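Dear colleague,

Please find below the structure that I am handing over to you. My notes on the findings come after it.

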Protein chains: 4
Amino acid sequence: MSVVLAHNSYGKSQVHLTRVTRHADRHDLKELAVAIQLEGDFAASYLKGDNSHVIATDTMKNTVYVLAKQQGLTDIEGFGQLLAGHFLKEYPQVAAATITLVEEPWQRLVALGREQPHAFAGGGGEKRTSTIVGTRQGLQVESGLDGLLLLKTTDSAFTGFVRDRYTTLPETSDRIFATALSASWLFRGITVDFDKWHQVIRQTLLDVFAEHNSLAVQQTLCAMGTAVLNVCADIDQITLRMPNKHRLLVNLQPFGLDNKNEVFVATDEPYGLISGTLRRE
Amino acid sequence: MSVVLAHNSYGKSQVHLTRVTRHADRHDLKELAVAIQLEGDFAASYLKGDNSHVIATDTMKNTVYVLAKQQGLTDIEGFGQLLAGHFLKEYPQVAAATITLVEEPWQRLVALGREQPHAFAGGGGEKRTSTIVGTRQGLQVESGLDGLLLLKTTDSAFTGFVRDRYTTLPETSDRIFATALSASWLFRGITVDFDKWHQVIRQTLLDVFAEHNSLAVQQTLCAMGTAVLNVCADIDQITLRMPNKHRLLVNLQPFGLDNKNEVFVATDEPYGLISGTLRRE
Amino acid sequence: MSVVLAHNSYGKSQVHLTRVTRHADRHDLKELAVAIQLEGDFAASYLKGDNSHVIATDTMKNTVYVLAKQQGLTDIEGFGQLLAGHFLKEYPQVAAATITLVEEPWQRLVALGREQPHAFAGGGGEKRTSTIVGTRQGLQVESGLDGLLLLKTTDSAFTGFVRDRYTTLPETSDRIFATALSASWLFRGITVDFDKWHQVIRQTLLDVFAEHNSLAVQQTLCAMGTAVLNVCADIDQITLRMPNKHRLLVNLQPFGLDNKNEVFVATDEPYGLISGTLRRE
Amino acid sequence: MSVVLAHNSYGKSQVHLTRVTRHADRHDLKELAVAIQLEGDFAASYLKGDNSHVIATDTMKNTVYVLAKQQGLTDIEGFGQLLAGHFLKEYPQVAAATITLVEEPWQRLVALGREQPHAFAGGGGEKRTSTIVGTRQGLQVESGLDGLLLLKTTDSAFTGFVRDRYTTLPETSDRIFATALSASWLFRGITVDFDKWHQVIRQTLLDVFAEHNSLAVQQTLCAMGTAVLNVCADIDQITLRMPNKHRLLVNLQPFGLDNKNEVFVATDEPYGLISGTLRRE
């Protein structure tokens with residue numbers, strides 16, 4: 001019998017970078033967590049403890065800070081490309097570098113009646129994300145958002161599903177639809193205006209969520225993804241992941257009370273999980 | 001030797017309530033987690049397993065939903081008073097009822113160019129909070145906020161502190177000041193305009209944070225609390241809790257680079273923790 | 001109107017210390033998180049930004065590591081006393097030092113048929129805890145445990161509680177009793193055998209939990225605390241906190257099935273929360 | 001331009017099941033979280049809101065409880081196969097059913113000098129896991145463990161890695177090696193003794209971790225996986241994931257003290273992340 005190393009990768013996760021750009025009249029702030037994973041000619045370390053090809057994960061961390069200083073940081077997609085390109089260029093043993101970036105949503109603080117030049121407020125749970133995969137063949141940029149909490153109190157139904165001996169859920173023509181949206185889209189190129197598209201795609205997702213008369217979470221997900229592909233010619237594919245964060249109608253009959261979709265209990269678990277990928281043909 | 005039951009309390013925590021108010025032209029949404037703790041004549045349950053005085057915690061949960069249906073829900077302070085009053089009125093064995101309320105920050109979704117009537121977006125990590133303590137002597141209302149992330153990239157120094165053989169921290173005239181603010185203020189009365197004061201106090205905290213030239217986190221905390229007491233005659237006391245969420249300057253000298261407050265690493269732990277209570281004399 | 005600083009404290013939280021003691025035949029390992037809070041003559045920092053009395057929280061962190069090196073680390077109670085004493089002795093402006101210690105439960109790894117001299121396995125969610133309060137009058141030691149998950153599948157009833165128009169919970173003579181026990185006990189002295197008592201008290205809590213025929217969580221809590229006071233003459237008081245982590249019987253009648261306490265759903269929230277303090281008279 | 005639904009799946013996550021088997025002399029307890037994801041002929045729901053093929057995720061949840069009652073629950077691998085088989089058999093529109101199971105580590109409580117028949121203690125953070133993928137072609141069983149905390153205080157070096165202008169990490173012949181091991185192995189068949197192999201594989205992982213003289217995390221990972229393949233003929237492949245949970249040596253030179261691998265700070269982030277898959281050829 002013989003055992004082979006079928007796959008390996010290694011790197012550094014959760015490298016926390018805060019980058020301040022000090023303009024004369026204001027400071028800009030970017031805060032992100034970076035993860036780096038490398039694949040390539042590293043088998044000797046696994047098989048023999050020979051580290052001569054190994055770039056220490058501590059060195060990867062240093063690199064994040066050095067490049068952030070030298071090159072600055074505008075959008076996470078650009079910084080991720082810089083990092084992926086760096087590891088490919090510097091180290092011939094690297095076959096693929098995957099850079100994952102998650103940006104904290106700091107916003108300029110509104111205080112004393114105006115946007116502040118040096119003060120910022122945390123913007124909430126929603127993160128902007130990007131994954132850059134760099135190989136000897138080139139770079140691929142995926143961007144997205146994660147943790148966008150959305151809820152609509154009406155215009156959501158769920159009927160006509162399979163009824164059998166395991167089914168107890170009643171049909172409903174009016175329910176709460178709540179989710180924590182995660183979306184990621186794949187760009188065709190690597191030099192597009194990432195900031196603009198992030199804003200346009202995010203707003204398109206919100207617009208469709210708001211106006212869609214939902215017959216199923218699946219249908220709303222599909223409508224949201226389709227609208228994004230229609231609005232952004234620079235992307236070829238979008239994946240949406242929509243947990244169904246149930247709000248259950250509280251049964252108030254034992255107390256002699258009606259409950260016409262007014263009082264709900266928010267449950268964390270279990271939750272439905274609906275995913276779909278839309279692609280341009 | 002004899003053992004006595006020196007203190008006891010019990011109740012239900014994390015009762016999740018979603019309350020929709022269905023107006024003709026729009027829906028209003030409130031989502032909160034409620035905790036109830038009762039003290040009083042419950043020793044027989046502890047000492048003998050005699051539950052004749054015990055209000056089941058499941059009953060407390062039901063009560064949250066019944067009162068939310070019957071009385072609606074405008075501000076959490078009012079709903080907490082309703083609950084505290086209910087337990088005192090219904091059950092003579094209750095000496096004190098403490099109601100803790102944490103509101104999720106849902107905001108009307110802006111989509112299709114306008115605020116939506118039925119769709120909402122989660123507003124982030126900052127929560128609005130309230131604690132109501134009801135006894136046979138009356139009700140006391142404390143309100144606050146929790147998890148408000150604030151950061152300023154300049155106007156923060158820390159010098160002149162004790163230097164001894166355990167000290168390695170250099171003095172600094174310019175550092176990042178980042179915190180996750182928690183604040184709570186004690187109202188004099190119980191019928192004030194809680195929504196208005198929440199907004200005014202929150203903005204006052206932001207204004208002082210933005211404009212204060214900080215010589216110590218302690219000093220900024222004190223200035224923020226003092227300003228709130230000056231702006232709001234309806235409160236007598238405010239407590240602020242400001243973790244110092246360090247952003248450490250990255251040492252780039254090994255790479256031949258300066259770092260003039262441009263590149264930092266955000267550390268989660270350890271963190272400084274500064275607290276203070278300001279009171280009107 | 002005048003505003004006063006009614007209370008203040010500050011310090012460092014989550015100082016992570018790993019202490020290895022290298023014996024010839026084996027290594028010992030202790031890992032803990034330490035929090036330090038100081039009270040005293042620090043008002044000038046709050047009121048004027050005058051830091052001349054301020055011990056930097058970074059210095060507190062250094063002190064943890066220096067004392068851990070110089071003095072070693074046997075039990076957390078001793079190390080906490082060392083720290084509290086240090087801050088009182090070194091700095092006249094300190095009136096009170098509160099040291100909170102939480103120990104990670106590493107255990108010697110059993111491998112290759114024996115306890116290993118240098119390898120350890122994480123022991124789970126249960127932590128050993130201690131809080132030392134030092135003032136100019138002396139030291140006080142509280143010890144405890146947190147996060148001890150316990151569950152019994154029978155010998156737990158809940159009947160005879162208040163039934164009114166808000167009550168829907170049925171009485172039950174047989175239910176699952178599950179909790180995440182938190183307990184803390186107050187020592188009379190400061191030089192007792194903390195390790196021995198931790199073990200004895202913990203086992204006493206387990207023994208009573210196992211054998212008690214529970215008529216209410218309250219009653220079991222009281223029995224557990226009483227037994228501890230009876231077994232340990234070195235403590236005067238014990239506080240127990242027992243969340244009631246509900247396992248709800250699944251209703252299988254829609255599927256034509258009985259459910260004789262066989263199939264339950266574990267719910268995280270809401271949960272009951274029962275607390276009590278027992279004291280020697 | 002045309003948009004197609006390239007991929008879709010949906011299901012229920014975090015279905016919490018507690019199963020008690022009531023023997024005359026003792027109760028057995030299993031507690032797990034189940035996730036179900038279905039793929040198949042569900043496009044009509046996404047594209048048109050036609051739910052006629054949709055099995056409600058609430059029905060999936062019911063099914064977990066019904067099958068747990070009817071069939072009992074011995075090992076999670078068997079229960080997962082039961083569920084996957086059920087969805088394939090009942091619903092022709094299902095092409096693939098993926099069942100993910102995570103078992104809570106309850107252990108019989110040792111109290112009053114013996115293993116208790118009805119009382120249990122939570123066993124810590126380490127979970128037993130399994131993923132069953134069922135298609136019309138058959139079932140595939142993957143098993144594993146997650147969150148196994150391991151640490152060795154010596155016999156770990158890291159030298160000979162790439163040194164360049166981005167490198168500051170010193171070489172070390174003796175460091176702490178700490179990880180939170182995640183491992184999963186793929187079985188050849190579906191009727192093997194899962195409980196026995198779980199125990200044997202887990203102990204093999206521990207044995208190699210303890211005795212291995214590590215030149216790199218990569219090398220130890222590879223040795224652990226190889227040993228498992230050598231000991232268990234019923235598996236063909238194993239994947240290990242070993243975050244390098246750094247313990248950094250504290251610099252005590254500013255305080256005039258040596259630190260011969262005695263005092264460390266445990267850091268949570270950033271962390272190294274090393275992965276590898278070993279396969280029988």
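The following paragraphs describe how the chains meet and how some strands pair.

This is a predicted model, in which local features need pLDDT of at least 70, side-chain atom pairs count only at pLDDT 80 or more, and totals for chains, interfaces and linings use all residues. Residues are numbered from 1 along each chain as its sequence is written, while chains are lettered from A and ligands numbered from 1 in the order in which they are written.

The contact between chains A and B takes 50 residues from chain A and 49 residues from chain B; two residues are in contact if their C-beta atoms, placed from the backbone, lie within 7 Å. Because 98% of the interface residues of chain A are also interface residues in chain B, the copies meet through the same surface.

A turn of 180 degrees with a shift of 0.0 Å along the axis lays chain A on chain B with an RMSD of 0.0 Å (superposed by least squares on the C-alpha atoms of residues with pLDDT of at least 70 in both). This is the relation of a two-fold axis. In chain A, the C-alpha nearest the axis belongs to Gly124(A), 1.6 Å from it.

Strands are DSSP runs (E, at least two residues), numbered from the N terminus, and two of them pair if DSSP finds at least two bridges between them. Strand 1 of chain A pairs with strand 11 (residues 263-266) of chain B, antiparallel, over two bridges. There, Thr18(A) stands opposite Phe264(B).

Strand 7 of chain C pairs in the antiparallel sense with strand 5 (residues 114-122) of chain D over three bridges.

Yours sincerely

Key: Helix = DSSP H or I, 4+ residues; strand = E, 2+ residues; numbered from the N terminus.
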